[in-house]
Amino acid sequence: MAVAVAAVRAGWRYARPVGWKLGCCPGQSRAGLSGAAGRWPGAAPKGAPRLLGVAALALGGALGIGHTVRGRLKSQEQLAKQAPPELAEGRLQLTLYQYKTCPFCSKVRAFLDFHALPYEVVEVNPVRKQEIKFSSYRKVPILLAQEGELLQLNDSSVIISALKTYLMSGKNLEEIVSFYPPIKTVNDQGKEVTEFGNKYWLMLNEKESRRLYNGKEARTEEMKWRQWADDWLVHLISPNVYRTPAEALASFDYIVHEGKFGVVEGAVAKYVGAAAMFIISKRLKSRHHLQDDVREDLYQAVNKWVAAVGKDRPFMGGKEPNLADLAVYGVLRVMEGLEAFEDMMCHTRIGPWYLRVEKAIAEAQGNY
């Protein structure tokens with residue numbers, strides 16, 4: 001069970017969808033879009049009986065583990081780390097420790113990619129966590145930044161705020177990080193946790209702020225929606241991707257595929273983890289006071305976001321994505337390829353904005 005719990009901590013899948021297009025529902029335009037036809041492999045057809053998911057868990061656990069173990073013997077060898085970028089002397093060198101399927105890690109990658117900041121990726125094994133044994137802070141993402149002294153930045157929002165401040169102000173990064181102090185507190189479950197002060201603030205003077213924001217309202221709006229992504233939107237992902245047994249199994253199939261698991265760890269995580277998260281997702285639904293049909297909460301949230309962006313600007317940031325755009329995009333994209341993502345695209349107005357952010361990130365990297 002420890003392996004399954006570790007897989008849960010790894011978050012949700014992030015990979016390009018196999019077959020999704022904006023025109024997946026009647027009345028939606030496919031103009032200007034391309035993609036391979038077909039559904040994501042392993043996903044249950046919409047409307048499939050719940051019995052299908054139960055059977056998948058039962059039969060998969062009994063018959064599929066051996067196949068998974070054999071298949072992972074080679075695939076685990078292919079989980080090589082991204083090669084460190086060749087940086088000019090004096091450039092900021094970044095190393096991101098992550099679970100690829102974690103929405104908070106996805107937020108950080110969206111920020112780094114949009115700002116064309118080169119970085120090395122280290123995928124963390126969610127069971128052993130040997131890759132971050134150097135750190136007393138045991139969550140991901142962790143970002144190591146070196147421009148002389150080596151600094152460790154913790155928490156996705158702190159990482160993003162500190163680096164954006166660094167890019168806008170040119171201040172010393174060590175000084176900037178000191179403005180986001182760790183604070184020990186106790187959560188609702190009585191567990192001691194570490195929070196970070198000021199994590200949605202950029203430490204800019206008035207001149208720097210005017211270069212970035214079109215008035216104080218724009219700054220306040222960005223901070224509000226960044227926090228909304230962390231405090232609300234993230235909590236809608238798990239109940240939706242683990243909504244049924246079939247969806248839970250599909251989600252864990254990709255968590256194992258995209259994550260860094262050992263052979264046996266991956267096999268156990270896929271089947272035991274899927275069953276565990278199907279049950280846990282129901283508790284999360286109750287904890288966050290979600291509707292019986294959790295899709296409705298997801299639909300309402302993303303439509304609320306689209307309404308906040310409005311019709312008169314392509315992004316909340318105006319002509320280009322701001323930190324709120326990148327945060328919301330980073331959280332939502334971990335569902336790509338799953339049934340929840342397809343449903344969201346078909347039944348909400350999020351599609352055009354989502355594709356604009358995706359395009360903006362690709363263009364920033366020179367990949368569009």
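I255 lies in helix α8 (residues 245-258), where helices (H or I, at least four residues) and strands (E, at least two) are DSSP runs numbered from the N terminus. With a relative accessible area of 0%, I255 is buried; buried means under 20% relative accessible area, exposed over 50%, and partly exposed in between, for a 1.4 Å probe and protein chains only. The C-alpha atoms of I255 and T101 are separated by 6.5 Å, although these residues are 154 residues apart along the chain.

The model is predicted, so that local features need pLDDT of at least 70 and side-chain atom pairs count only at pLDDT 80 or more, whereas totals for chains, interfaces and linings use all residues. Residues are numbered from 1 along each chain as its sequence is written, and side-chain values use heavy atoms, with hydrogens and water left out.

**Overall fold and core**

The protein has 13 helices and six strands, and 54% of its 368 residues count as buried. Among contacts (heavy atoms within 4.5 Å) with a separation of 6 or more, 69% are accounted for by residues 24 or more positions apart. The largest nonpolar core has 92 residues, and those with the most contacts inside it are L94, L163, W305, L332, M335, I350 and W353; such a core is a set of buried Ala, Val, Leu, Ile, Met, Phe, Trp, Tyr and Cys residues joined through side-chain atoms within 4.5 Å. Not counting residues up to four places away in sequence, L163 touches L92, L94, F111, L112, L143 and L173.

W353 is also one of the buried residues of α13, among them Y354, L355 and I361, and the cover over the buried residues of this helix includes α3, α10 (294-309), α11 (323-332) and α12 (339-347). The 14 residues of α13 (residues 351-364) should span 20 Å at 1.5 Å a residue, and the end C-alpha atoms are 20 Å apart, which agrees; the expected span is 1.5 Å times one less than the number of residues.

**The largest pocket and F104**

The largest pocket has a volume of about 2200 Å³. Of the 50 residues that line this pocket, the closest to its centre are F104, K139, N187, V193 and H235. On a 1 Å grid over the protein atoms alone, a pocket is an open set of points where a 1.4 Å probe fits, with protein on both sides within 12 Å along at least five of seven lines, and lining residues have an atom within 4 Å of a point. The largest share of the lining, seven residues, comes from α7.

F104, found in helix α3, is partly exposed, with a relative accessible area of 27%. Leaving aside neighbours within four places in sequence, F104 is in contact with P141, S156, D230 and V234. The C-alpha atoms of F104 and V140 are 7.9 Å apart, with their positions 36 residues apart in sequence. The peptide bond from V140 to P141 is cis, with omega near 10 degrees, and P141 is found in the loop between β2 (120-123) and β3 (142-147).

**Positive phi outside glycine**

Two residues that are not glycines take a positive phi, as tabulated here.

| Residue | Positive phi | Place | Relative accessible area |
|---|---|---|---|
| K129 | about 55 degrees | loop between β2 and β3 | 13%, buried |
| D155 | about 80 degrees | loop between β4 and α4 | 13%, buried |

Just after α13, G366 likewise takes a positive phi, of about 75 degrees.

Definitions and conventions
Grid points are joined across faces, edges and corners, and a volume is the space filled by probe spheres set on the points.
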